[in-house]
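Please examine the structure shown below before reading on. The paragraphs that follow lead through one helix and then through a pocket.

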Amino acid sequence: MKRIGGNSDDTPQPRESRRFLHFLAAGGMAATANFCSRILFSQWLTFVPAVVLAYLVGLTTAFVLFRHFVFARSDKSLPRQMFWFVIVNVVALLQTVLISLLLVDWALPRLHVVRHAYEIAHACGIAAPVFTSYLGHKWLSFSSRQRGDEHDRGAGSADS
């Protein structure tokens, strides 16, 4: 029996949910590279330059993982994917830096959080652009000209 307003059991929602989970896992790996490299860079640099350089480490990691494991069937050329990936991530970088600074300079001191304040602020800053980045990469960086079920590329061959 067909539900009102719905399709059969092979609706795009389960595949979209799976793709978002793969995005979170790949993004988590990239965020870990970002976070750990920021701690390393902080040995030689002040906070904001360390955050920016660490973001570039995370950016490179994310591009490779997203392109191969999350949005593998994009029909855009590599240069076009890279262009939009950078644009989406510039917006995310601004979110990351602003939220990190807001927390470390304003919110955490008011909450009397001193221990690991930079790490807490940076981790929250990294997590903040998850949804805007997912939508940006889905519709801009790795989009396809096709729509519907074909557009829902899934996460590599796991959805095929």
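At which residue does α3 bend, and by about how many degrees? The model is a predicted one, and in it α3 bends at L103 by about 45°. This helix consists of 33 residues. From its first C-alpha to its last it reaches 46 Å, which is close to the 48 Å expected at 1.5 Å a residue. Just after α3, H112 adopts a positive phi of about 60°.

The next topic is burial along this helix. L103, the site of the bend, is itself buried. The buried residues of α3 also include Q81, F85, V88, N89, A92 and T96, and further along V97, S100, V104, A107 and L108. An α-helix has 3.6 residues a turn, so residues three or four places apart point the same way. The buried residues of α3 pack against α2, α4 and α5.

These helices also take part in the lining of the largest pocket, to which α1, α2, α3, α4 and α5 each give two or more residues. The space in this pocket amounts to about 330 Å³. Its lining comprises 20 residues, of which G27, A30, A31, F66 and I126 are the closest to the centre. The element that gives the most to the lining is α1, with 7 residues.

What classes of residue make up the lining of the largest pocket? There are 13 nonpolar and 7 polar residues, while no charged residues occur in the lining.

Terms used. Residues numbered from 1 in each chain as written. Predicted model: local features only at pLDDT ≥ 70, side-chain atom pairs only at ≥ 80, totals over all residues. Heavy atoms only, no water. 1 Å grid on protein atoms, 1.4 Å probe; cavity = no way out; pocket = protein on both sides within 12 Å on 5 of 7 lines; lining within 4 Å. Points joined across faces, edges and corners; volume = space filled by probe spheres on them. Helix = DSSP H or I, 4+ residues; strand = E, 2+ residues; numbered from the N terminus. Nonpolar A, V, L, I, M, F, W, Y, C, P; charged D, E, K, R; others polar. Expected span 1.5 Å × (residues − 1). Bend = angle between axes of the 7 residues up to and from the residue. Buried < 20%, exposed > 50% of the residue type's maximum accessible area, 1.4 Å probe, protein only. Contact = heavy atoms within 4.5 Å.
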